[in-house]
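Dear colleague,

I am passing on the structure we spoke about, together with some notes on what turned up in it. Please look through the model first and then read on.

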Amino acid sequence: MSYDFFAYISRMKYIARWSLMRSTVQENVQEHSHMVAVLAHALGLIRRDVFGHDCDPDALAAAALYHDAPEILTGDLPSPIKYHSSDIKRAYDEVERLAVEKLLLELPEALRPAYRALLSVSPETHEMVKAADRLSAYIKCVEERKAGNHEFLSAEVASRQKLEELHMPEMDYFLEHFLPGIEKTLDELGTLE
């Protein structure tokens with residue numbers, strides 16, 4: 001028997017993000033998922049190695065790689081619509097749940113439990129991946145502003161506020177120690193010289 005799970009996963013690159021905004025650099029769900037995985041891993045390492053709390057950064061990175069997988073079937077619903085009302089959010093959550101079930105059916109039974117754990121994560125993992133997701137959005141806004149795109153200015157302010165409202169020591173640490181580098185040009189970062 002043949003399974004189509006990875007055929008679906010490979011289609012993440014066709015789903016555009018920020019569809020209501022004019023972007024200087026287009027971003028797709030596959031690129032976004034990679035960045036969220038990098039950031040979730042970093043937040044997990046900060047939680048574990050800087051603050052001494054139990055955390056599995058590798059599990060966070062794996063979950064982040066798949067956090068938007070349902071969008072392969074649902075598309076990327078813009079946030080102003082998704083969060084417009086609790087009824088819309090509940091309905092969209094149900095559609096995402098159905099998409100997860102569809103994706104799981106595209107795997108051999110022996111692999112379904114492992115992928116279910118990645119596609120339907122624990123509340124603690126969800127919290128960390130969601131924080132990384134928000135951080136990725138904020139970084140996108142900063143990059144767009146740096147490129148002279150004023151379309152993202154209000155989104156940047158709102159995204160930063162959401163990050164600060166998380167009251168997560170890991171996030172505060174990242175914003176203090178790593179975010180300044182995002183503001184730098186390649187010349188300021190330096191090359192192999």
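**What was found**

The buried residues of helix 3 pack against three other helices, namely helix 2, helix 7 (112–119) and helix 8 (123–146). Please keep in mind throughout that this is a predicted model.

Helix 3 spans residues 57–65, and its buried residues are Pro 57, Leu 60, Ala 61, Ala 63 and Ala 64. They lie on the same side of helix 3, because the arc they cover around the axis is only 165 degrees. As background, residues three or four places apart in an α-helix point the same way, because there are 3.6 residues a turn. At the N-terminal end of helix 3, Asp 56 acts as a cap, with a side-chain oxygen 3.2 Å from the backbone nitrogen of Asp 58.

Helix 2, one of the partners of helix 3 in this packing, covers residues 29–50 and includes Arg 47. Is Arg 47 buried or exposed? Arg 47 counts as buried because its relative accessibility is 13%, which falls under the 20% cut-off. The side chain of this arginine makes a polar contact with the side chain of Glu 170, at 2.6 Å. Setting aside residues up to four places away in sequence, Arg 47 touches Glu 170 and also Gly 52, His 53, Asp 54, Cys 55, Glu 124, Met 128 and Met 168.

A second charged residue to look at is Glu 106, which is found in the loop between helix 6 and helix 7. Glu 106 also counts as buried, because its relative accessibility is 12%. Leaving out neighbours within four places in sequence, Glu 106 is in contact with Tyr 3, Asp 4, Phe 5 and Tyr 8. Met 12 is 94 residues from Glu 106 along the chain, and the C-alpha atoms of the two are separated by 16 Å.

Finally, there is the largest pocket, which has a volume of about 1300 Å³. Its lining is made up of 40 residues, and those that lie nearest its centre are Ser 79, Lys 82, Tyr 83, Lys 130 and Asp 133. At least two lining residues come from each of helix 5 (79–82), helix 6 (86–105), helix 7, helix 8 and helix 9 (153–165). By residue type, the lining divides into 18 nonpolar, 15 charged and 7 polar residues.

With best wishes

Key. Residues are numbered from 1 along each chain as its sequence is written. This is a predicted model: local features need pLDDT of at least 70, side-chain atom pairs count only at pLDDT 80 or more; totals for chains, interfaces and linings use all residues. Side-chain values use heavy atoms; hydrogens and water are left out. Helices (H or I, at least four residues) and strands (E, at least two) are DSSP runs, numbered from the N terminus. Buried means under 20% relative accessible area, exposed over 50%, partly exposed in between (1.4 Å probe, protein chains only). A polar contact is a pair of N or O atoms within 3.5 Å; within protein, one must be able to donate a hydrogen and the other to accept it, and residues adjacent in sequence count only if both atoms are side-chain atoms. Contact means heavy atoms within 4.5 Å. The arc is that of the directions from the helix axis to the C-beta atoms. On a 1 Å grid over the protein atoms alone, a cavity is a set of points where a 1.4 Å probe fits but cannot get out, and a pocket is an open set with protein on both sides within 12 Å along at least five of seven lines; lining residues have an atom within 4 Å of a point. Grid points are joined across faces, edges and corners, and a volume is the space filled by probe spheres set on the points.
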